[in-house]
Amino acid sequence: MIPFSVVVLLLCATPPPTPSVALPFKQKGFLDFGKSIDVEGLMMMMNDEEEGSAVEEYYKPEYYKPEQPTCPFGCQCNQKVVQCSDLGLHYVPYDVPPETRLLDLQSNQITEIREDDFKGLRNLYMSTNSHNTNGGREVHLRAFMPLRRMQKLYFSHNQLTAVPKNLPSSLVELCIHDNHIKKVAAGDVSGLGSMKCIDGRNPIQNSGLEPGAFDGLKLTFLRISEAKLTGIPKDLPEGLHELHLDQNQIQAIELEDLRQYEGLHRLGLGYNHIHHIEELHLENNRIPNVHGGLAGMKYLQVVYLHSNNISQVDMNDFCPEGFGVKKTYYNGISLFDNPINYWEVEPATFCCVSNRMAV
């Protein structure tokens, strides 16, 4: 029999069992087990585990402290994109990860944008707040102040009655059509020196565009369609490349209306009430062909197309097919200094010109 003192010595000399040194569970990326996990994110998690990260067999929530921000409840988060559309939200989620670059909030019931809704989202590049048709009427004056890097803001199909104040100075593209905006006052978009594109369809009248409304902007694209304009607005940015005024109530166009826009490449005037355009000056550009829409301008009398790159003139470029369509004969068509082989032009091409000396 072993003496008691020897047993005590043996117990003291025997080391206790080694405890588990496994690391706590850590969620990767923005994946959330409460929602469907995308394949790419799942593969990343599996690869990380296979590379030697120790994971406890039994995960204990009380010891879990995530290092990555969680995804707002119901939303889908992946690769710095947070999609929260069609969730019936009444407010912007408070726990959007700070590194988010694109925030999708469309098709909800957000009634207002509060002061701190975008707090901490300094890296946000694009936000879509469209189709909040049950609200979206109120935007706090300081709501966009934290967004120093935002370049695209989509605020269409809401119930806005005015352009939101204090938009980010970094903004390049603003889509704000299908709201209830009737006025763009001087200062509404001031300070937006980076702005290139404004796309809007709102019930704006001529008097709704105050003088100086676009001062300081270097826009290249502007759309004011489905409004109530009766003429081309004055004092638009001179650097415009595209101007779309479709579906208004414009009745006539004067040469002075467009003279200042020397860089204009595309002018949209479809679905208006235009019945009077006497002269069209497109000389000294780089136009490669005659635009097919000229034949449909019933009252156009003078067209300047000289010094371009037009190499071919088709039979229906100037005169419409059939009879009784063009109301006024051309008094002048200028095509000199273009690479046109005159012997290839059909005589019937100028059948709606007053006389042959007019070409």
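How do strand 5 and strand 7 pair, and over how many bridges? Strand 5 (residues 126-128) and strand 7 (residues 152-154) pair in the parallel sense over 3 bridges. Met126 stands opposite Lys152 in strand 7.

## Basis and confidence of the model

This is a predicted model, in which local features need pLDDT of at least 70 and side-chain atom pairs count only at pLDDT 80 or more, while totals for chains, interfaces and linings use all residues. Residues are numbered from 1 along each chain as its sequence is written, and side-chain values use heavy atoms, with hydrogens and water left out.

The pLDDT, the predictor's confidence in each residue on a scale from 0 to 100, averages 77 over the chain, and 77% of the residues score at least 70. Residues 4-66 have a pLDDT below 50; this stretch nevertheless has 44 contacts in the model beyond near neighbours in sequence, a contact being heavy atoms within 4.5 Å. Where pLDDT is low, the predicted coordinates should not be read in detail.

## The sheet of 10 strands

Strands here are DSSP runs of E with at least two residues, numbered from the N terminus, and two strands pair if DSSP finds at least two bridges between them. Strands of a sheet pair through backbone hydrogen bonds, either parallel or antiparallel. An open sheet of 10 strands follows the order 1-2-3-5-7-8-9-10-11-12, and its pairing is mixed. Its edges are strand 1 (76-78) and strand 12 (266-268), each of which pairs on one side only. Neighbouring strands of this sheet are turned by 5° against each other on average, direction ignored; such angles run from 0 to 180 degrees between N-to-C directions, with axes fitted as lines to C-alpha atoms.

Strand 9 (residues 197-200) pairs with a strand on either side in this order. Strand 8 (residues 173-175) runs parallel to strand 9 and is joined to it by 3 bridges, with Asp199 as the bridge partner of Cys175. Strand 9 also pairs with strand 10 (residues 221-224) in the parallel sense, over 4 bridges, and Gly200 stands opposite Ile224 in strand 10. In a regular strand the side chains alternate between the two faces of the sheet. Both faces of strand 9 are covered: Cys197 and Asp199 on one side are buried, as are Ile198 and Gly200 on the other. Buried means under 20% relative accessible area, exposed over 50%, and partly exposed in between, for a 1.4 Å probe and protein chains only.

## The sheet of 3 strands

A separate entry in the strand pairing is an open sheet of 3 strands in the order 13-14-15, with parallel pairing. Strand 13 (279-281) and strand 15 (332-334) are the edge strands, each pairing on one side only. The twist averages 5° from one strand to the next. Strand 14 (residues 302-304) is joined to strand 15 by 3 bridges, and Tyr304 stands opposite Ser334 in strand 15.

## The nonpolar core

The largest nonpolar core has 71 residues; such a core is a set of buried Ala, Val, Leu, Ile, Met, Phe, Trp, Tyr and Cys residues joined through side-chain atoms within 4.5 Å. Those with the most contacts inside this core are Leu103, Phe118, Phe214, Leu222, Phe318 and Tyr330. Leaving aside neighbours within four places in sequence, the contacts of Phe118 include Val92, Leu103, Ile113, Leu124, Phe144 and Leu147, together with Ser127 and Asn129.

## Salt bridges

Side chains of opposite charge can pair when their charged atoms come close. A salt bridge is a side-chain nitrogen of Lys or Arg within 4 Å of a carboxyl oxygen of Asp or Glu, and the count comes to 8. Asp188 and Lys165 form one at 2.9 Å, N to O. This pair links distant parts of the chain, with Asp188 in the loop between strand 8 and strand 9 and Lys165 in the loop between strand 7 and strand 8, 23 residues apart. Asp188 is buried, at 9% relative accessible area, whereas Lys165 is partly exposed, at 39%.

Asp199 and Arg223 meet at 3.0 Å, N to O. Asp199 lies in strand 9 and Arg223 in strand 10, so this salt bridge ties together parts 24 residues apart in sequence. Asp199 counts as buried at 15% relative accessibility, and Arg223 is partly exposed at 21%. Arg201 and Glu226 meet at 3.3 Å, N to O, and a network of salt bridges links Asp178, Arg201 and Glu226.
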